[in-house]
Amino acid sequence: MTDDRRRAGPQAETDVLVLGGGPAGGWAALAAAGAGARVVLADKGYHGTSGATAPSNTGTWCVPPGEARAEAVERRWQRTHGLADRRWMHRTVDRAYANLLQLVEWGYAFPRDDQGNLYVANLRGPDYMHFLRRKVKAAGVTILDHHPALELLSDGDAVTGAAGLSRRSGEDWRIHAGAVVLATGGCAFFERLMGGGGLTGDGYLMAAEAGAALSGMEFTGKYTLAPHDSSLNKGLPYRWASFHRQDGTPILDSKGRPLTNGIGGTDHELARALLDGPVFARLDLAEPAMQDWLRRGQPNCFLPYDRRGIDPFTQLFRVDLTAEGTVRGTGGIRLAGDDCATEVPGLYAAGDAASRENVTGASSGGGAVNASWAMASGWFAGAGAARHARLRGMRRAAGQALGQAGLRPAAAARPVDHAALVEALRAETIPLDRNFFRTGDGLAAGRERLEGVWAEIRDHLSAEGAERLRAREIASVAASARWSLAAAEMRRESRGVHRRADLPETDAAWTRRITVSGLDRVEARPDFPATQAQERAS
Amino acid sequence: MIEIVSESRCIRCDICVRVCPANVFDKDDEGLPVIARQQDCQTCYLCEIYCPTDARFVAERASGPVPVTEAQIEAAGLFGSYARALGWSRGRAGGSDRDPTMHIRVAQV
């Protein structure tokens, strides 16, 4: 696209508008363009660097077709605590594999294994997203960088576009579209994760304002180790870590053994140890060959050590558990169709913006399943949106802007302390003793405090020009926090990354999802039990 | 967070202003990128590797600035160190075909 078009002013029209430029957005744009649609991709940041994937190095859930695939799906399903859907898992792994082969065909520089075969089960974030941008451009997609959406447009029964601002110029934009794909990422609740700065649940708020529901929002208790006060929430090197107090005393697990392997099932132990005091790690279980692979394969993980002058294989360094919200957690916009349609006509959701329960259930999915989910759901959503746009045709005249909290205060706008709001929201969603180990009483008290925060935002928060983005981010995180706590309070059991200290057992009666909806009044309701839901679908 | 844009290394190409996902940089009157919104930096290090002249340094601290000078970074050889570790060069992608992560994933189980 030309620079002229980028500056072409506030009104434009397209068949499919993709909001967000991480992998899900990129694949959605490619699928829609491949189906013959005119596509605009509007990214809050820069399509190629924005989102959690670009600065990372992610595995993929990569299983070739064949008999082994059914076993692989079954093995994965066993780890989803009964809430995933095998049919969705099959079609996700199938589509993701096809997309990986597409990358091979396009010439993405995959490494080769010892037998000389291409190894496609890993994607290096900076290279992958750099490559994907080129393909998206080559497909004729109009890319609008630094163009965050602030709100959706609706004609009363369908979503018909979005409106937002240009961060560079401060000017407004408004794009009418036959269908909109939300690929805006998850919500990191203002935790400083790798690539998480822009992950503020923007799509959740926009979708809810259009009438969509969310699901799985209680599965926000996923935490990953990172060097203290760094952005590197990458767990892989901790597979070879031992854990200590500052004086070198080994930390013992509940069975009295020295605590090791920070990505296994040790997160409970680490969380407890961190509640007692600072924890230090050393990657001393890595043999020299592994040290070399780690250094060359995960160079981002070594930036904090190298820049602090620490040798992590021989010296202790302080670590934290960083909260990962719905980024590595699971919740998001509830999907209503195989094409990643939401319950609102014309609105589609993909990647972390969508609930990932279909493939990860109550678990995190780590990097691998989540990366494959982004590829597959992006593809489904882009194709679905293109189909919707074609069937519906353009109705350009209509388009009521739906944005409320943070944009159009319900009462008189007045100065609101942004930093205080951010701290109040973090206090309910980040601390280990509130969000890793949850209690019914704690959640009830937290919800009450959040109602006060929400009232302040809804009634008074507003901003001008480019500052509107921050106001909307705060409103989105607040809405996400309220949904998360509401679902967590309703789920009276522990399951996957939802841990109730007061209800530590898993209750078979709760093998069902929880849907949340509503802004002024948050409502949570249990979905059909998983078995019934599958029967209904078949 | 982003700490240093080296005036002597910078060729005023504008790439960092465009690619920063958090919109941290502005251009000054001479076309030099300036760190306009440091607190918005998400410490993703990507501006370092996209820079064709290795003119920037991101410190590892995510929550706030650290005192560091260009001379210190130059002396420590840290300009461009992340790009070299990846195999990126002059702002161009490269090196993913030499990524040994497959060995780590096999051993991780």
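Let me start with how chain A is held together in this predicted model: if we take the contacts in chain A with a separation of 6 or more, residues 24 or more positions apart account for 73% of them. The corresponding figure in chain B, for contacts between residues at least 6 apart in sequence, is 56% joining residues at least 24 apart.

Staying with chain A for a while, its secondary structure comes to 16 helices and 18 strands. Along the principal axes, the C-alpha trace of chain A spans about 70 × 55 × 50 Å. What radius of gyration would a compact globule of 538 residues have, and what does chain A have? The expected value is near 24 Å, and chain A has 22 Å, which agrees. Burial can be described in a similar way, since 61% of the 538 residues of chain A count as buried. The surface that chain A exposes is about 19,500 Å², and carbon and sulfur atoms supply 48% of that area. As for charge, chain A carries 66 positive and 63 negative side chains, with the centres of the two sets lying 3 Å apart.

Now to the annotations, which I would ask you to treat with care, because they come from an unreviewed UniProt entry and may be inferred rather than shown by experiment. That entry assigns residues 15-220 of chain A to "domain: FAD-dependent oxidoreductase 2 FAD-binding". In the model, the span 15-220 of chain A is 32% helix and 21% strand, and the C-alpha atoms at its two ends lie 34 Å apart.

Inside that span you can find Arg76(A), whose place is in helix α3, residues 67-77 of chain A. If we leave out residues up to four places away in sequence, Arg76(A) touches Trp61(A), Met89(A), Ala368(A) and Val369(A). For a sense of distance, the C-alpha atoms of Arg76(A) and Gln115(A) are separated by 27 Å, and these residues are 39 apart along the chain.

The second annotation, again from the unreviewed UniProt entry, is "active site", and it covers Arg272(A). Please look for Arg272(A) in helix α7, which runs over residues 267-276 of chain A. Is Arg272(A) buried, partly exposed or exposed? Its relative accessibility is 44%, and because partly exposed means between 20% and 50%, Arg272(A) counts as partly exposed.

Helix α7 of chain A also holds Ala273(A), and at 5% relative accessibility Ala273(A) counts as buried. Which residues does Ala273(A) touch, not counting those up to four places away in sequence? They are Arg245(A), Ile251(A) and Val279(A). Taking one of these, Ile251(A) is 22 residues from Ala273(A) in sequence, and the two are 7.5 Å apart in space, C-alpha to C-alpha.

Further along chain A we come to Pro504(A), which is found in the loop between α15 (467-490) and β17 (512-517). At 56% relative accessibility, Pro504(A) counts as exposed. The C-alpha atoms of Pro504(A) and Ala121(A) are separated by 35 Å, and along the chain these residues are 383 apart.

Let me turn to chain B, which has 5 helices and 4 strands, and whose pattern, read along the sequence, is β-α-β-β-α-β-α-α-α. Its C-alpha trace spans about 50 × 30 × 30 Å along the principal axes. Of the 109 residues of chain B, 52% count as buried, and the chain exposes about 4,700 Å², with carbon and sulfur atoms supplying 49% of it. There are 12 positive and 15 negative side chains in chain B, and the centres of those two sets lie 6 Å apart.

Two residues of chain B deserve a pause for their backbone angles. Arg12(B) has a positive phi of about 55 degrees, although it is not a glycine, and it is found in the loop between β1 (2-5) and α1 (15-19). Thr43(B) likewise has a positive phi of about 55 degrees without being a glycine, and its place is the loop between β3 (33-35) and α2 (46-50). How exposed or buried are Arg12(B) and Thr43(B)? Arg12(B) is partly exposed, with a relative accessible area of 36%, whereas Thr43(B) is buried, with a relative accessible area of 1%.

Definitions and conventions:
Residues are numbered from 1 along each chain as its sequence is written. Chains are lettered from A and ligands numbered from 1 in the order in which they are written. This is a predicted model: local features need pLDDT of at least 70, side-chain atom pairs count only at pLDDT 80 or more; totals for chains, interfaces and linings use all residues. Side-chain values use heavy atoms; hydrogens and water are left out. The radius of gyration is taken over C-alpha atoms; the globule rule is 2.2 Å times the number of residues to the power 0.38. Buried means under 20% relative accessible area, exposed over 50%, partly exposed in between (1.4 Å probe, protein chains only). Contact means heavy atoms within 4.5 Å. Accessible areas come from the Shrake-Rupley method with a 1.4 Å probe; for residues, only the protein chains shown count as cover. Lys and Arg count as positive and Asp and Glu as negative; His and the chain ends are not counted. The place of a charge is taken as NZ of Lys, CZ of Arg, CG of Asp or CD of Glu.
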